[in-house]
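The following note sets out points on the strand and helix arrangement, for consideration alongside the coordinates. It concerns a predicted model.

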Amino acid sequence: MATRTAQLPTEAPALTPERPVTWPKRTKTRLSNGLEVILAESHAIPKFHGQLSFRSGNAAVVDRAPGLAEMTATVARTGTKQRVSRQIEEDLRRIGADLSSSAGADTTGIGFAGLSELADPLLGLVNELAREAAFPEPEFERERRQKLEEVKLDRTQPSFLASERLRKVLFGAHPYGIVAPSEAQVLGYKRTDLTQVYQEFYTPENALLVMVGDFDVPAMMRSIEKTFGAWAGKKPAPKATADPAQPKGRRVYLVHVPGAVQTQILAGCHAITRKHPDWIKIGLTNSLYGGAFNSRLVMNIREDKGYTYSPRSGVNPLRQYGYFSISAAVRNEVVAASLTEIFYELDKLRSVPVPEPELADARNYLSGIFSMGLATQDGLLSQLATVALNDLPDDYLETYREKVRALKPADLLGTARKYFDSANMQIVVVGDRTQIEDQAKLFGDLEVFDAQGNTL
Amino acid sequence: VNHHQIAMEYTTLSNGLKVVVVPDTSAPVVTVGLYYKIGFRLEPQGRSGFAHLFEHMMFQGSANAPKMQHIKLINSSGGLLNGSTHYDVTNYYESVPSNALDRVLWLEADRMRALKVDDENLRNQRDVVKEEVRVNVMNQPYGGFPWLDLPPVAFRNWANAHNFYGDFADLDAADLADVQAFFKTYYVPNNAVLLVLGDVKADEGVALAQKYFGDIPAGPLLPFADAREPEQKEERRGEVEEKFGTLPAMAIGYNIPERRTTDWCAMALLDQALHGGRAGRLYRELVLEKQIAVEADGGIDDIFGYNGPTQMVTRILHKPEYSAEKTLSAFDAVIGEIQEHGISEDELQQLKVKWRSDYYSTLEGGRGGMPRYGLMHLLACFTLFDNQPQLVNSILDGFLAVKRDEIQAVARKYLRPANRAIVFRAPAKVSAKEAA
């Protein structure tokens, strides 16, 4: 031990009194065309961040083809009535802006950031992409070919293979059961599929515009009215969807990757959405289980046993349903040992009340990191967008911390028993079957697939 | 132009510890960083990967905060923490509600004063690091490409050319004596900078630094190994087999000018002309126009964060129907175009606006949910490399002063075959087919 003189306290200093967390003022408006607008000022740098979201994504059109909303968002930035692709990209650079367009299961979004002094031209371009995308045929063909290569590459990623299989197992025929198109489905995309999605999704009634940054709210609101005010369009009609699968009993799904030198474990079960009254309880229970560095799972299989580098658990809230999942990439020899510990920690949380000091630490953790989102423009933007897109109450940000701090050991015990469904956990392992099959099958009936999804 | 300015307090304690405080009371959050001027470039020979393994050991216990206490004390204060190993620095950083500032400084001082780890901790973290290497490199398509593939081809000095994540044999050979020797040599106050950014007053920040770190004795600073490279005379090439991926790939790295020179500023804008997203010439030509490549990106990684030989690297994944040579000649045509014609005044102006905008984002941006990481990183590197944290307020000027002919001149001077290295990473199956 290398000791240097120590004259300081040998105990960690106590926390000093807390300074209050003040969430910035938000201005919410709905334009006459239905566009919902939320603005907040944040002056740390002379820039702003924004997001134009549409409340429809890949799940809404999966019956036409998986990934269609994503493909629509990709091609939407490649040309408008006024600008060709190259012009769009150069104009963005000319005004120092970044822009992305993409779609998830439930939402399509155009994200953007730029210099405050050049806000108007950036808003103008976002408006063009949202209203006047031209979907040029050659750009569509190029992006489709590009997507084909991406889809092939995805199937070489252990984490992708794991989440694709888990979603299929948990959601079955429900649109959430498919996370990506097959190669044949990509080849089957037609340009008119995209323009149809564009017409249905990209409307002001279906949209939310959130902006955070170095601007004056009333002035920015006038710019937004001027830019987006004349836009018109209705919300797409809601669609009925199949019920998700409800898999019972622990089952194991092995995705065989010959030559894999490590095994990706991903286990999961159905849980809840952000709108559910138990959301904050499950958040805290998760943070204590495997959602923080200091959590039980990380302490166990990383810091004590050294099985893995980055174990974690999380609650994945899609709009209609949510699911809880646990992931760890472990060395091949300890697949069974890792799963044993994963279930040990789950069952312990379901059986024994969390000691009050440990719970107090977890409460402080979750309420503390929640306010970190205040400190950057895009952090605040993402908080505001999450609240609005999930129809959470207006005081969600202000009351979150006190709700976390009110939770008791009995709340966590009840939450773990209700949602950390150990007995019906679905277990995906991605790795070389010759190394791991015997270990994996100890945990339930086992099916084996290849990376393309075929049963072996 | 009156740019965005950062107000700071900069001082050096009597033991040589540099301290930078940047007050900002807009949120009750503070980010603390401890940067040591040692990274994987100058780790001991025969101990590849050691600087990074050592970084893990810094979370394994110190005199008054045994294993797990450090992490627990930060998390339970409502904070996040991490560390990372770079070429020339290693950092440890925390973001916490500002009422935990004393506690964070006490923890960082405790582990600077006395690391307390045992064989069990070392075995444990060696296992963790191996899984980190597997998940990021050995079990990933294009894992480590090109950041681990290119250096052994591009460089001749071991410092720049070795495996920074570590050969497993070297990780296995590392023992506790290595850990304590490395700690005593490099983890001394006179080889470090402490950064405190956020909800703190400047004089309070300095006083707290003095309180917690002031009595840690300075170490005898060892001379650092010479990381200079012998002059390169011809193009260098290498091959690596891709085990999982479906597309052939290549990476082309050019040695770049010495940092903080006029050429370096011009090179940075040239880099943006080539690699600046979808408007960049390489993406436009190879992906959008000629449609040879699926990905074409790269550039000078972490341009303010290194202090030794480095490269501007282009990373290309191309369609299998185009050969590597054909892809490379399409790349060369893009380079040749700039060498011959330079860039227009309009393009240069676009590059400068984007550079300024990106720079502001760097100053404001966080990392892993932790605010002010970007500003902290720049302040730390400018302090350790230049003894001038104030460079964050003036470094932009050099880039905004670059002229068109300077861009063309650096393209001609540095983007020569004899100044580059290329690594081809072809999928195993494709190589076998070509061989047959």
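1. Helix H13 (residues 345-364) of chain B lies across E3, E4 and strand E5 (108-115) of chain A. The helix runs at about 90° to E3(A). This placement of a chain B helix on chain A strands is a suitable starting point for reading the model, which is predicted.

2. The strands that H13(B) crosses belong to an open sheet of six strands in chain A, with the order E1-E2-E6-E3-E5-E4 and mixed pairing. Strand E1 (27-30) and strand E4 (98-103) of chain A are its edge strands, each pairing on one side only. Direction ignored, neighbouring strands of this sheet are turned by 10° against each other on average.

3. Within this sheet, strand E2 (residues 36-41) and strand E6 (residues 207-213) of chain A run parallel and are joined by six bridges. Glu36(A) stands opposite Leu208(A) in E6(A).

4. Chain A also places a helix of its own on these strands. Helix H13 (residues 377-389) of chain A lies across E2, strand E3 (47-54) and E6 of chain A, and its direction is at about 155° to E6(A). E3(A) is thus named for H13(A) and also for H13(B); the chain letter should be kept when either helix is cited.

5. Returning to H13(B), its packing against helix H14 (residues 373-386) of chain B has an angle of about 95°, and the two axes are 4 Å apart. H13(B) is therefore roughly perpendicular to H14(B). Tyr359(B), Thr362(B) and Leu363(B) of H13(B) meet Gly374(B), Leu375(B) and Leu378(B) of H14(B). The residues of this contact comprise four nonpolar, two polar and no charged.

6. A further open sheet of six strands in chain A has the order E9-E10-E8-E11-E7-E12, with mixed pairing. Strand E9 (312-317) and strand E12 (445-449) of chain A each have a single partner strand, so one side of each is left without a neighbour in the sheet. The twist from one strand to the next averages 20°.

7. In that sheet, strand E8 (residues 263-270) and strand E11 (residues 426-431) of chain A run antiparallel, with five bridges between them. One bridge pairs Leu266(A) with Val428(A) in E11(A).

8. Helix H16 (residues 433-440) of chain A lies across strand E7 (251-256), E8, E11 and E12 of chain A. Relative to E7(A), H16(A) runs at about 180°.

Conventions. Residues numbered from 1 in each chain as written. Chains lettered and ligands numbered in written order. Predicted model: local features only at pLDDT ≥ 70, side-chain atom pairs only at ≥ 80, totals over all residues. Heavy atoms only, no water. Pairing = 2+ DSSP bridges. Helix = DSSP H or I, 4+ residues; strand = E, 2+ residues; numbered from the N terminus. Axes fitted to C-alpha atoms, helices over the stretch in contact; angles between N-to-C directions. Contact = heavy atoms within 4.5 Å. Parallel < 35°, antiparallel > 145°, perpendicular 65-115°, else oblique. Nonpolar A, V, L, I, M, F, W, Y, C, P; charged D, E, K, R; others polar.
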